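Biologist: Before I accept the labels attached to a model, I would like to hear the reasoning behind each of them. Could you take me through it step by step?

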Amino acid sequence: NIGYIAESATCLLDRLLELNLVPYTDIVEFESKSFFSPISERIRNTFSGNICCPRKIGSFQLFLHGFVGADTFFKKYPLPGYQSSNILKISSGHKIWSDEHVFKKFKVQVEKLIILDFIIRNTDRGLDNWMLKLESNNSEEPEIIAKAIDNGLSFPWKHPNEWRSFPYGWLYLPLQFLGMPFSEETRHHFLQFLTSVTWWKNAIDSLHEIFARDPDFTESLFEKQMQVLKGQAWNAVQTLKNS
């Protein structure tokens with residue numbers, strides 16, 4: 001039950017890696033009459049005249065205006081070769097993808113999302129929890145912006161015992177899109193951070209500060225989570241070093 005911690009921790013790692021994929025997310029305390037509280041506490045509050053509402057801690061994420069789920073976006077702007085459960089034939093692609101700069105910029109964003117998900121060992125990146133938005137105006141070329149939400153099933157303390165059938169929604173992208181090597185831009189971007197001892201010390205210290213806010217925090221569990229994180233990052237580094 002540390003999904004709210006994982007949400008905030010993913011946002012922190014996103015900022016430390018300078019990805020700008022995860023909307024700002026923080027841990028906050030909420031107060032509401034609609035929250036559940038034990039009947040004994042409600043009776044006590046009634047007799048004492050205490051009108052305070054129950055308080056609960058949780059994650060709070062900024063809303064993404066104008067964004068839609070990736071599946072919805074690709075139905076409107078299908079990639080060449082894209083096929084979803086609601087599209088019986090493989091699409092020839094929307095005209096926006098004929099612009100090489102648009103395609104290249106979007107591919108870099110997806111590459112960064114893939115590596116982020118791999119490092120944090122995210123087990124639930126469905127097509128509905130990474131979101132896209134087409135931004136365009138008359139003076140500039142269009143740009144497709146990607147954002148990653150719903151990161152609560154990240155930072156496990158061990159690898160899952162069995163394979164989940166829906167871990168990464170981006171795996172459904174066409175092979176001609178996913179089957180290419182990581183771009184030089186992506187490789188340089190991650191390697192400058194993931195091979196830095198100073199960066200890692202700052203990252204672990206910052207993550208420790210967030211995870212320690214959970215009432216049930218233990219050092220042993222946190223160490224196991226960081227072992228998974230660092231192991232995933234090591235594998236990513238070996239891949240990124242190979243052009």
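**Labels and their grounds**

Modeller: In this predicted model, strands S4 and S5 run antiparallel and are joined by seven bridges.

Biologist: What makes S3 and S4 a pair of strands?

Modeller: Strand pairing requires at least two bridges, and S3 and strand S4, residues 130-137, have two bridges in the antiparallel sense; the requirement is therefore met. Within that pairing Val-68 has Leu-132 of S4 as its bridge partner, while Leu-132 in turn is partnered by Ala-146 in S5.

Biologist: Why are S3 and S5 called edge strands?

Modeller: The three strands form an open sheet in the order S3-S4-S5, with antiparallel pairing. Strand S3 (68-69) and strand S5 (140-148) each pair on one side only, which is what the name edge strand expresses. Helix H4, residues 100-119, packs on this sheet and touches S4 and S5, its direction making about 15° with that of S5.

Biologist: How do you know that Lys-105 and Glu-141 form a salt bridge?

Modeller: The closest N and O atoms of Lys-105 and Glu-141 are 3.5 Å apart, and the cut-off for a salt bridge is 4 Å between a side-chain nitrogen of Lys or Arg and a carboxyl oxygen of Asp or Glu, so the pair qualifies. The structure holds ten salt bridges.

Biologist: What makes the partners Lys-105 and Glu-141 distant parts of the chain?

Modeller: Lys-105 lies in helix H4 and Glu-141 in strand S5, and the two are 36 residues apart. As to the principle, side chains of opposite charge can pair when their charged atoms come close.

Biologist: Which residues lie nearest the centre of the largest pocket, and how many line it?

Modeller: The largest pocket, with a volume of about 260 Å³, is lined by 13 residues, and those nearest its centre are Thr-123, Leu-153, Pro-156, Trp-157 and Lys-158. By class, its lining comprises six nonpolar, four polar and three charged residues; Leu, Pro and Trp count as nonpolar and Lys as charged, so Leu-153, Pro-156 and Trp-157 fall in the nonpolar class and Lys-158 in the charged one.

How values were computed
Residues are numbered from 1 along each chain as its sequence is written. This is a predicted model: local features need pLDDT of at least 70, side-chain atom pairs count only at pLDDT 80 or more; totals for chains, interfaces and linings use all residues. Side-chain values use heavy atoms; hydrogens and water are left out. Helices (H or I, at least four residues) and strands (E, at least two) are DSSP runs, numbered from the N terminus. Contact means heavy atoms within 4.5 Å. Axes are lines fitted to C-alpha atoms, for helices over the stretch in contact, and angles run from 0 to 180 degrees between N-to-C directions. On a 1 Å grid over the protein atoms alone, a cavity is a set of points where a 1.4 Å probe fits but cannot get out, and a pocket is an open set with protein on both sides within 12 Å along at least five of seven lines; lining residues have an atom within 4 Å of a point. Grid points are joined across faces, edges and corners, and a volume is the space filled by probe spheres set on the points.
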